[in-house]
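This report describes selected helices, sheets and backbone features of one protein chain. The sequence and structure come first, and the notes follow.

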Amino acid sequence: MNASATPTHCPYCALQCGMNLTPTPGGGVEVAERADFPVNRGALCGKGRTAPALLSSRVRLTSPLVRTAGVLEPAGWDVALARIAEGLARARTGYGPDACGVFGGGGLTNEKAYSLGKFARVVLGTSQIDYNGRFCMSSAAAAGGRAFGLDRGLPFPLEDVPRTGCVILVGSNLAETMPPALRFVTELKENGGTLVVIDPRRTRTAEQADLHLAPRPGTDLALALGMLHLVVAEGRTDEEYIRARTSGWEETRAAAMAHWPEYVERITGVSVPELRAAVRMFCEPEDAMVLTARGPEQQAKGTDTVSAWINLCLATGRPGRPRSGYGCLTGQGNGQGGREHGQKADQLPGYRKLTDPAARRHVAEVWGIDPDTLPGPGRSAYELLDALGTDIRALLLMGSNPVVSAPHAAHVEERLKSLDFLAVADVVLSETAALADVVLPVAQWAEETGTTTNLEGRVLLRRRALSPPEGVRTDLEVLHGLAALLGVEKGFPTDPEEVFEELRRASAGGPADYSGITYRRLAEENGVFWPCPAPTAPGAPQEAGAGAGTDPDRTTPGAGPPARARTDAGAGTETEAVTGVIGREGGRSEGAPGAAGRDGTADAHHPGTPRLFLDRFATEDGRARFVPVSHRPVAEEPDEEYPLLLTTGRVVAQYQSGAQTRRVDELNAAAPGPYVEMHPRLAERLGAVDGVAVTVVSRRGRVVAPARITTAIRPDTVFMPFHWPGEGRANTLTNPALDPVSRMPEFKACAVRVEPAGEA
């Protein structure tokens, strides 16, 4: 490695690929290979390779903007921060604390997400905080929590994927959304394993599959139930595992048996022979995995859909065994860490529940406040956006662009416009920032240090490689300044390592325990998997019970749960449940614990937990829970007026709302705009021509984009990527119907019609 290079991580997806940044003569940086990071081994997609382009002052904000006489004009930092403090204070004084809202993002570092949640609850006293990660992984998180007692996207490292016998990939297009990860399934096949891809479209990923199932959008739940029915009918259940390590099987079995294969074929369009082939491929190897992504999760029944896939894994004895189990492919750069440390509506740091009195006491003690002053849970993301201008009068938004990314986006845009006051902190003038009263220019990934947690649960250190431009501040500096103006002068440090040290204390004993992790360990060990408790948690001298479940003499994965260790004062039942989830293999060190921490004292000697659940699950009795579920239709079925289903997704050259990638010339040239993908039979019926604009209409609005005709999609379905604003904004059409558990909107299926552009 070049001696002047800075090892760090990509700013985009949840792989958090390793990269080196080397200085350029003009004062910038360029990306160089970093082969030592195991997730990508030096490989990068086009987005990661071109990421430094966004550091240019040509495409980014370099001065605060304040709206004057209806126009955003450059202003000084003191003026901009004062305007924000005034706007928030006015709403709080006039309407109460919950008139202030805070909206975060899954791309914020752990330090920022932690500080943002603390700012909302301590400085503003509001319960109204959530983040855009609600739109990404929340259904999988809810399903994982109720089955296993703990949500970590992947309970095993990606390196286990090529070593398993079969992977069922549900609703993921890895080849375009996470290109460096495709090598894991390529290596799986090279090793003799099989790949089953479930997706309504024949994507680049599906082209790699041994078996591609193309169900009707919104029917993944029925598909999983039909497969479980066949597992039972064909005698493929692991009865010993079910008896020793699970509960709730009889009710789940009965629910599955109501979904016989021919019935499932009528619902999904997947033939019975295809169902049987998928079951055979999954059950015959000793090891197998199911990995889900946004396809089954972004539904109004997404939690139950993921539960159905988890049930399939449990019935065949997969979770908690090496090279097997269920995992979620988290999407956003810090989508995992972002949902662990307090920017969710119902959550405190360490993945603690805001309704747990012991959790409230623990975090309040770290923060130096009375636990009774902590607000309760607030609205979920869409519900918060829907309440703007009525119950919520002022909003502070960081790292999100809901004008493009939220469902029913035209309505969300109107709600944002109806606010008394809107402040946005962002790198670029996004479509949402353009509506704000104050816009703050903030530092980017290469200009600040901080931690993220990738889709494996591996906590990583991003390092600062260069200084931000003059006129740009970090998000931590923004929160520090606003807190001081609003009367809280302490508790919001601007040094990210200082924030992380406090996060360690706040997370100690919680489900997502980072207390044994330090910046020095992260640098020396190339990341550490959580949970990683300190032997004596920082600031919590009570026993945290971190060592249970790691006894190397235990040889039976299905043995009864180990004795429950005593929890620390702040952990309550959450720590009781999490104690002992670290398996024998997970207890092995993959780094070099024992390095000196920030204060020079020895770090915790816990090695981190690459593999969860090998000894017990994080439930009170140590058993995984089957959850009985049944098929139900999409929230909005096609009818005579809207006869087709729309599904949405991403393309390889763009990312999320496109606010950043649309400003990179190379990426924009590769994917310059939206399109409507449709089958030739549908195109013939409609008179649509490839490359010629069509109009797509739902009950919420209409969009215009050119047709793209391909046999890679079902004839009853159209697809649109969602990265663009304006007349081609796909989320103008999408349905905000919410999952009753996760509060996930139904992005993946809504009823539409397609007609020639310009037709009324």
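## Helix α7

In this predicted model, helix α7 covers residues 220-233. At 1.5 Å a residue, its 14 residues should span 20 Å, and the end C-alpha atoms are 20 Å apart, so the expected and computed spans agree. Most of α7 is covered, with 13 of its 14 residues buried. After the helix comes Gly235, which has a positive phi near 70°.

Helix α9 (residues 249-257) packs against α7: their axes come within 8 Å and cross at roughly 110°. The two helices are therefore roughly perpendicular, as the range for that term is 65 to 115 degrees. On the α7 side the contact involves Leu225, Leu228, His229 and Val232. Their counterparts in α9 are Trp249, Thr252, Arg253, Ala256 and Met257.

## Sheet β1-β2-β3

Three strands make up an open sheet, ordered β1-β2-β3 and paired antiparallel. At its edges are β1 (6-9) and β3 (29-32), each of which pairs on one side only. From one strand to the next, the twist averages 40°. Strand β2 (residues 18-23) is joined to β3 by four bridges, and the two run antiparallel. Across this pairing, Thr22 stands opposite Glu30 in β3.

The loop between β1 and β2 holds Gln16. Gln16 is not a glycine, yet its phi is positive, at about 50°. Is Gln16 buried or exposed? Its relative accessible area is 0%, and the cut-off for buried is under 20%, so Gln16 counts as buried.

## Sheet β19-β20-β21

A further open sheet has three strands in the order β19-β20-β21, again with antiparallel pairing. The edge positions belong to β19 (450-453) and β21; each has a single partner strand, so one side of each lacks a neighbour in the sheet. Two bridges connect strand β20 (residues 458-462) with β21, and these strands run antiparallel. Val459 faces Val528 of β21 in this pairing.

Helix α3 lies across β19 and β20 and runs at about 95° to β19.

## Helices α3 and α20

Helix α3 (residues 110-124) also meets helix α20 (residues 496-507): the axes come within 9 Å and cross at roughly 70°. This angle falls within the 65 to 115 degrees used for the term, so α3 and α20 are roughly perpendicular to each other. Their crossing is left-handed.

Which residues make the contact? From α3 they are Asn110, Glu111, Tyr114, Ser115 and Lys118. From α20 they are Pro496, Val499, Phe500, Glu502, Leu503 and Ala506.

## Backbone features around β21

Two backbone features lie in the loops on either side of β21 (528-529). Asn526 is in the loop between α21 (519-525) and β21. Its phi is near 65°, a positive value in a residue other than glycine. With 16% relative accessibility, Asn526 counts as buried, because the limit for that class is under 20%.

The other feature is a cis peptide bond from Trp530 to Pro531, with omega near -5°. Pro531 belongs to the loop between β21 and α22 (572-578).

Key:
Residues are numbered from 1 along each chain as its sequence is written. This is a predicted model: local features need pLDDT of at least 70, side-chain atom pairs count only at pLDDT 80 or more; totals for chains, interfaces and linings use all residues. Side-chain values use heavy atoms; hydrogens and water are left out. The expected span of a helix is 1.5 Å times one less than its number of residues. Buried means under 20% relative accessible area, exposed over 50%, partly exposed in between (1.4 Å probe, protein chains only). Two strands pair if DSSP finds at least two bridges between them. Axes are lines fitted to C-alpha atoms, for helices over the stretch in contact, and angles run from 0 to 180 degrees between N-to-C directions. Angles under 35 degrees count as roughly parallel, over 145 as roughly antiparallel, 65 to 115 as roughly perpendicular and the rest as oblique. A crossing is left-handed if the near helix is turned anticlockwise from the far one by less than a right angle, and right-handed if clockwise. Contact means heavy atoms within 4.5 Å.
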